[in-house]
Structures are given as C-alpha cells and as structure tokens.
Amino acid sequence: MSDYIEVFKRIEIKYLLSAEQFNELFSYLETIARVDDYGQTRINNIYFDTPSYRMIRNSLEKPIYKEKLRLRTYGKTDDTTNCFIEIKKKYDGVVYKRRVSGDYRRAYDYLVNGGKPLDDSQISREIEGLRFMYEELKPSMKICYDRIAMAGIYDPNLRITFDKNIQWSIEDMDLKKDTRGNLILNEGKYLMEIKVANSMPRELAEKLSELAIYPNTFSKYGKGYQDMLQRDKRDTKIKNPEVITGREVMVYA
C-alpha cells in the first residue's frame, strides 16, 4: 500500500464551454499553464451515499456546508491500481479535499464489504467517522470522464481542468468494469474548473469575459442524480402513470 496522503484547500469555479470557446481559451491558457505529464486521462469514480441519497439531496439544496465520499482511480483499473478514498467538503465557497491512497481491491473491500481501513491516519479516521455518521453508505453512482489538467507556469497554485464525455451509471458498481454510462453533457461540451488558492489571475478573468465564459453551478454527481430521477419518472409513467417512485417521494415530499 502507498502511504501517499494529500490535503487540499482551494476555491473551485466551474464553467460550461462550447467546443469553440474551449479552442479559443485553450490557445490562451498555453501561455500561462502547461498540460500535466499524463495528457488526457480517464477518471473513474464511485460515489457513496445512503439508500435515500441523503448526501446528494442535501448538496443540491446548496447549504453553506456539504460533503461527499468517493473512490477514485485514473485510467484502466485492476486490483493493484493505486486509488484514492476522498472526502470532499465545501464550506462557505471553499473546497477542502482530504484523501488516502492504496490498492484498489483493499479500498473497495473496505468501503463496500466492511474490510479494514487502508491505514490508521487522521484522514482515515475522518473517513470512518463519515461512514458512521451516514449509516448504510453504499455505492450509489459511478461517474467517469476524460480530463485534461493544466498547472500554472508562473502561479503554482493555479490549476485548470477540462472534463468531457462525462458519463453516469448505476450498474456494475466496480471500477474494474468498463460500463458505458449515460452522457451528462452533450457531445462537444466541456466542463472547466479553475482552482485557485485565493483569487483568479486578473488576465485570466479578463479573457473569460472576452469569450463570454461565465461561472456555472454544476455538480457531476448532482446532475447524474437528477438525470436518474427523470429516467425513473419516465419509466414509471410508461408502466403506471399513477405510481410515484420511492426516489421521487424522497426528493419532492
């Protein structure tokens, strides 16, 4: 097992871009940031939640504090792939991410089958505390996408990511299985995230304004969850127009 542990505290601003906006902005960004050594990477996530989807329902209500628990790998996954168990918290607009790493099989067994934690670190204890607070946490949604990540040349705290082919699925809840999911964004669309320690560089802000690129509230898990509800609603109407699904009662009651 790797003893690799990371803690992040930063401001994350999200934007939805067309292919044209992406191309114009990317040309500018290459003057202030570099694509990381991995180029385009496939990112795989399993989000954990209660049977009633308590965590994501709370998040969609936009409270001052919210949190998520996920298991993440990069690229093709097998039992020995290095992975991350992550707690992602957001308080008053600031994102805090705390994670531990280890072999995928051990991490999956811990989160899904009640196996042993990856280590006895403070972050592992926080993960265990979250699992205790939210009883019956289980794999709730798989979300995978292709990412290009850039880091600032002059500002080491500047990080920019572009995600496309974002897909969600509630089948085959194992990252070793390559499940084709449901698209969250239309073909040619990008989700950009600008991540900074404090404030965005003025020149970058001006470029975004010039290209009519504006902040957008967007959650991959939240959007996947909403799409799932809409799919359930359509399926229910086809089978029995008078029946309301359990998930709909949880959301709208």
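**Exercises on a predicted model**

**Exercise 1.** State whether Lys195 counts as buried or exposed, and give the reason.

*Solution.* Step 1: the relative accessibility of Lys195 is 4%. Step 2: buried means under 20% relative accessible area, exposed over 50%, and partly exposed in between (1.4 Å probe, protein chains only). Step 3: Lys195 therefore counts as buried, because its value is 4%.

The model is predicted: local features need pLDDT of at least 70, side-chain atom pairs count only at pLDDT 80 or more, and totals for chains, interfaces and linings use all residues. Residues are numbered from 1 along each chain as its sequence is written, and side-chain values use heavy atoms, without hydrogens and water.

**Exercise 2.** Locate Lys195 in its strand and list its contacts beyond four places in sequence.

*Solution.* Step 1: Lys195 belongs to strand β9, residues 190-196. Strands (E, at least two residues) and helices (H or I, at least four) are DSSP runs numbered from the N terminus. Step 2: with neighbours within four places set aside, Lys195 touches Arg10, Ile11, Glu12, Arg147, Asn157, Leu158, Arg159 and Thr161; contact means heavy atoms within 4.5 Å.

**Exercise 3.** Describe the protein as a whole, starting with its helices and strands.

*Solution.* Step 1: the protein has seven helices and nine strands. Step 2: 47% of its 253 residues count as buried. Step 3: of the contacts between residues at least 6 apart in sequence, 71% join residues at least 24 apart. Step 4: the C-alpha atoms occupy a box of roughly 50 × 50 × 35 Å along the principal axes. Step 5: the radius of gyration (over C-alpha atoms; globule rule 2.2 Å times the number of residues to the power 0.38) is 19 Å, which agrees with the value near 18 Å for a compact globule of 253 residues.
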